[in-house]
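Here is my note on the model you sent, with the ligand site taken up before the aromatic pairs. Please read the points alongside the structure.

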Amino acid sequence: MIDFGNGIKLDTINYPSVSIMRKWRNDFIIWKWCRQNDLISQDSHQKWADSLKDRNDVKMYSIKDENYGAVGICGLTDIDRVNQRSEFSLYISPKSHGKGYGKAALKTLLSHGFMNQNLNVIWGETFEGNPAYDMFLKLGMKHEGTRRQFYFKGGKHIDAHLVSMTRQEFMEAPWKQSQV
Ligand SMILES: CC(C)(COP(=O)(O)OP(=O)(O)OC[C@H]1O[C@@H](n2cnc3c(N)ncnc32)[C@H](O)[C@@H]1OP(=O)(O)O)[C@@H](O)C(=O)NCCC(=O)NCCS
């Protein structure tokens, strides 16, 4: 269990979290901000979840509130050990939005990535219009650039903003946490 003392913990993905993950990912509220166009089938989702145990380039976690259980999913994806960088992924259960879980989980994920996984850069990509972008900047991530009309979704071309944080920026972040 990964615990940086801010009220949420990151746990390994187990069977119940695998099944709820697909439900959340296919919910329009989350799907509209994700890169995949098709809904995720049970079969492909299970294959992906089964592959996780053998992969070094992806580490996914269930976000746990000790009173309410699983409230979301986050992870380090596309982990590149040579260049010490990784993309991040984050979503909160549609019924648990706006309760502070996303921000707490991202702080813990960044802390885990820089302090436990020896990463030097953690980056993310978000569609134009996603309120999550402001949260990323408030935590100290920097806007790296915009991929113009990079995705086609919902019948239109969409800009995507790249954001990132370096280890140095994390070390200087006012919210920097210590592992419990
Ligand atoms: C983005 C997401 C993870 C945020 O999680 P959350 O638990 O709802 O967010 P929090 O309650 O921790 O709020 C964090 C901050 O973002 C703001 N915020 C979050 N969602 C917002 C929304 N829909 N509209 C306006 N502000 C929002 C909050 O006001 C808060 O700001 P503050 O720190 O100044 O108070 C969640 O909305 C989500 O799962 N979205 C769909 C998937 C997604 O977009 N993931 C990121 C893709 S890169």
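The numbered points below concern a predicted model.

1. On the placement of the ligand, I would begin with the pocket, since the ligand sits in the largest one. The elements that each give two or more residues to the shell around the ligand are β5 (85-92), α4 (101-115), β6 (121-127) and α5 (132-138), and among these α5 gives the most, with 4 residues.

2. On the make-up of the shell, 19 residues surround the ligand, and the closest are Gly100, Gly102, Lys103, Asn130 and Lys138. By residue class, the shell divides into 9 nonpolar, 6 polar and 4 charged residues.

3. On the polar contacts, a polar side-chain atom of Lys138 lies 2.5 Å from an oxygen atom of the ligand. The backbone also takes part, with a polar backbone atom of Gly98 at 2.9 Å from a ligand oxygen and a polar backbone atom of Lys99 at 3.2 Å from a ligand oxygen. As for cover, the ligand on its own has 910 Å² of accessible area, of which the protein covers 70%.

4. On the aromatic pairs, the structure holds 6 of them. In one, the ring centres of Phe88 and Phe136 are 5.1 Å apart and the ring planes stand at 85°, so this pair counts as edge-to-face, given that planes over 60 degrees apart are classed that way. The pair links distant parts of the chain, with Phe88 in strand β5 and Phe136 in helix α5, 48 residues apart; both of these elements also give residues to the ligand shell.

Methods
Residues are numbered from 1 along each chain as its sequence is written. This is a predicted model: local features need pLDDT of at least 70, side-chain atom pairs count only at pLDDT 80 or more; totals for chains, interfaces and linings use all residues. Side-chain values use heavy atoms; hydrogens and water are left out. A residue is near a molecule or strand if one of its heavy atoms lies within 4 Å of it. A polar contact is a pair of N or O atoms within 3.5 Å; within protein, one must be able to donate a hydrogen and the other to accept it, and residues adjacent in sequence count only if both atoms are side-chain atoms. Accessible areas come from the Shrake-Rupley method with a 1.4 Å probe; for residues, only the protein chains shown count as cover. On a 1 Å grid over the protein atoms alone, a cavity is a set of points where a 1.4 Å probe fits but cannot get out, and a pocket is an open set with protein on both sides within 12 Å along at least five of seven lines; lining residues have an atom within 4 Å of a point. A molecule sits in a cavity or pocket if more than half of its atoms lie within 2 Å of its grid points. Ala, Val, Leu, Ile, Met, Phe, Trp, Tyr, Cys and Pro count as nonpolar, Asp, Glu, Lys and Arg as charged, and the others, Gly among them, as polar. Rings of Phe, Tyr and Trp (its six-membered ring) pair if their centres lie within 6.5 Å; planes under 30 degrees apart count as stacked, over 60 as edge-to-face and the rest as tilted.
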